[in-house]
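Please open the model in a viewer with residue selection enabled. The stops below may be taken in order, each beginning with a selection.

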Amino acid sequence: MKKLKVAIIGVGGISGVHIDGYLSDPRCELYAFCDINEKTLKAKGEKYGITRLYTDYNQMFKACPEIDVVNVCTWNNAHVPAGLAAVENGCHVFCEKPMAMSAEESEKLKLAAEKKNVKLALGFVRRFGKDAVLARELVENGMLGDIYYAKAEYLRRNGNPRGWFSDKKLSGGGPMIDLGVHVIDLVRYIAGNPLPVAVYGATFVKLGDRHQLHDKPNYLLSDEAGERGSGVCDVEDLATATIRFDNGMILNVETSYSLNIGEESRRVQVLGDKGGITINPDLVYHGEVLNRLADITFATPTRFAGTEYSDEIHAFISAVEGKEQIKATAADGVWLMKILDAIYESARTQSEVKIK
Ligand SMILES: NC(=O)c1ccc[n+]([C@@H]2O[C@H](COP(=O)([O-])OP(=O)(O)OC[C@H]3O[C@@H](n4cnc5c(N)ncnc54)[C@H](O)[C@@H]3O)[C@@H](O)[C@H]2O)c1
């Protein structure tokens, strides 16, 4: 069987777990790398034995029109331009989160992929966790009943990643677009993908980048990370929002890079009139047993483990082959961008923003 030729655009930090996914998939051949940073590009080329190396994705497509699949894991500002170039080349695209810098930009990529009839999957990796799978089964089996409230936190005490992450023109925003996006999507997924209708949000720039308080100033940067250059920090350090969905559910989400808290948190709660779940990081089901309130834990693993990055790539390739439905679709990416746009707009105008 002919293998799918895979190109990676953006070979920095997160690309490694995607590359592992393609390397462990016999249906794929790792074919070409592209990165604007020559040093990173050369290092990754040597590490994986890839010789087709490009600093410009347009040149890559010109030189290698035979590429079948493109994985975009650049800074956020290049997701859509790189994705559009790939779609134009007739490639199937896996795009990291967030899909774009705005909903308007994300729609362009969605429409282009539809027009070219290529697959487009989003990197909402939390959908692949054992917690998400179990949560969906609980929901589908009626164990939560009518879901009406959810709470999601992704709070760092002193975790500004710096570089492009803190430079709004490259990232589009701070913790809400970087971290909040994961837990908002997870709640949407567990609740059956309801559509957002209105948002009230607030953002704060109070603490900024205080990496100097760490012994290791670059503690968040792995050796694999791309050079993050920019010294700009103009994104929020705390964001919070109340999101109303078309099924009546309210989600309260809080996320920070810097916050004066004692304990960091990634707790997610989804609550219905028959039962609820807490993920922190194992999944606990709260319900009723023999007329008593019960908190049920599971003897099998229920937490996000990290291996899901490979799982999402394998699932994407199955979708490319037409054997599976895409779990995190372009439409999910666009809805998330609409929520994020509305949160930042609401923070700016200090009033509720409706989503259409
Ligand atoms: N799903 C997750 O859990 C997860 C985790 C981390 C990062 N991410 C996402 O992955 C993306 C990359 O994050 P990272 O941590 O790997 O950052 P990084 O800075 O380590 O790597 C990004 C790489 O992209 C390159 N790049 C930037 N613009 C480019 C362009 N126009 N063409 C080619 N290469 C370009 C940079 O030079 C860099 O090497 C971001 O969108 C981020 O939100 C997702």
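Select Gly 142 to begin: just after helix 6, this glycine takes a positive phi of about 75 degrees. The coordinates belong to a predicted model.

**Helix 6 and its cover**

Extend the selection back to helix 6, residues 130-140. Its buried residues are Asp 131, Ala 132, Leu 134, Ala 135, Arg 136, Leu 138 and Val 139. To see what lies over them, display strand 7, helix 8 (175-190), strand 12 (276-279) and strand 13 (283-289), which are included in the cover of these buried residues.

**Arg 127, ahead of helix 6**

Next, select Arg 127 in the loop between strand 6 (120-123) and helix 6. With a relative accessible area of 0%, Arg 127 is buried. Its side chain forms a polar contact of 2.8 Å with the side chain of Asp 185. Beyond neighbours within four places in sequence, Arg 127 is in contact with Ala 132, Asp 185, Arg 188, Tyr 189, Asn 193, Lys 327, Ala 328 and Asp 332.

**Glu 153 in strand 7**

Move to strand 7 (residues 147-155) and select Glu 153. Is Glu 153 buried or exposed? Its relative accessibility is 14%, and since buried means under 20%, Glu 153 counts as buried. A polar contact of 2.5 Å links its side chain to that of Ser 265. Setting aside neighbours within four places in sequence, the contacts of Glu 153 are Val 183, Glu 254, Ser 265, Arg 266 and Arg 267.

**The ligand**

Now centre the view on the ligand, which is surrounded by 28 residues. The closest are Gly 13, Asp 35, Asn 76, His 79 and Tyr 309. Three distances may be displayed here:

- from a nitrogen atom of the ligand to a backbone N or O atom of Ile 36, 3.4 Å;
- from an oxygen atom of the ligand to a backbone N or O atom of Thr 74, 3.2 Å;
- from an oxygen atom of the ligand to a polar side-chain atom of His 182, 3.4 Å.

**Helix 5 and two neighbouring helices**

From His 79, one of the residues closest to the ligand, proceed to helix 4 (residues 79-88) and add helix 5 (residues 103-116). Their axes come within 10 Å and cross at roughly 10 degrees, so helix 4 and helix 5 are roughly parallel to each other. On the helix 4 side, select His 79, Val 80, Pro 81, Gly 83, Leu 84, Val 87 and Glu 88; these meet Glu 105, Ser 106, Lys 108, Leu 109, Ala 112, Ala 113 and Lys 116 of helix 5. By class, the residues of this contact are 7 nonpolar, 3 polar and 4 charged.

Keep helix 5 and bring in helix 10 (residues 330-349). The axes of helix 5 and helix 10 come within 8 Å and cross at roughly 170 degrees; the two helices are therefore roughly antiparallel. Here Ala 103, Ser 106, Glu 107 and Lys 110 of helix 5 meet Ala 330, Ala 331, Val 334, Met 337, Lys 338 and Asp 341 of helix 10. This contact has 5 nonpolar, 1 polar and 4 charged residues. Ser 106 takes part in the contact with helix 4 and in the contact with helix 10.

**Loops with notable backbone angles**

Most residues other than glycine have a negative phi, and most peptide bonds are trans. Which peptide bond leads into Pro 98? It is a cis bond from Lys 97, with omega about -15 degrees; Pro 98 lies in the loop between strand 5 (92-96) and helix 5. A second selection, Asn 280 and Pro 281, shows a cis peptide bond with omega near -15 degrees, and Pro 281 is in the loop between strand 12 and strand 13.

For positive phi outside glycine, select Asn 117, where the value is near 60 degrees. Asn 117 sits in the loop between helix 5 and strand 6 and is exposed, at 67% relative accessible area. Gln 350 has a positive phi of about 55 degrees. Gln 350 is in the loop between helix 10 and strand 15 (353-354) and counts as exposed at 64% relative accessibility.

**Last stop: Leu 259**

Finally, select Leu 259 in the loop between strand 10 (250-256) and strand 11 (268-272). Leu 259 is buried, with a relative accessible area of 19%. Not counting residues up to four places away in sequence, Leu 259 touches Leu 155, Arg 156, Arg 157, Leu 207, Arg 210 and Leu 238. Measuring from C-alpha to C-alpha places Leu 259 7.4 Å from Asp 237, 22 residues apart in sequence.

Methods. Residues numbered from 1 in each chain as written. Predicted model: local features only at pLDDT ≥ 70, side-chain atom pairs only at ≥ 80, totals over all residues. Heavy atoms only, no water. Axes fitted to C-alpha atoms, helices over the stretch in contact; angles between N-to-C directions. Helix = DSSP H or I, 4+ residues; strand = E, 2+ residues; numbered from the N terminus. Parallel < 35°, antiparallel > 145°, perpendicular 65-115°, else oblique. Contact = heavy atoms within 4.5 Å. Nonpolar A, V, L, I, M, F, W, Y, C, P; charged D, E, K, R; others polar. Buried < 20%, exposed > 50% of the residue type's maximum accessible area, 1.4 Å probe, protein only. Polar contact = N/O pair within 3.5 Å; in protein donor to acceptor, adjacent residues only side chain to side chain. Near = heavy atom within 4 Å.
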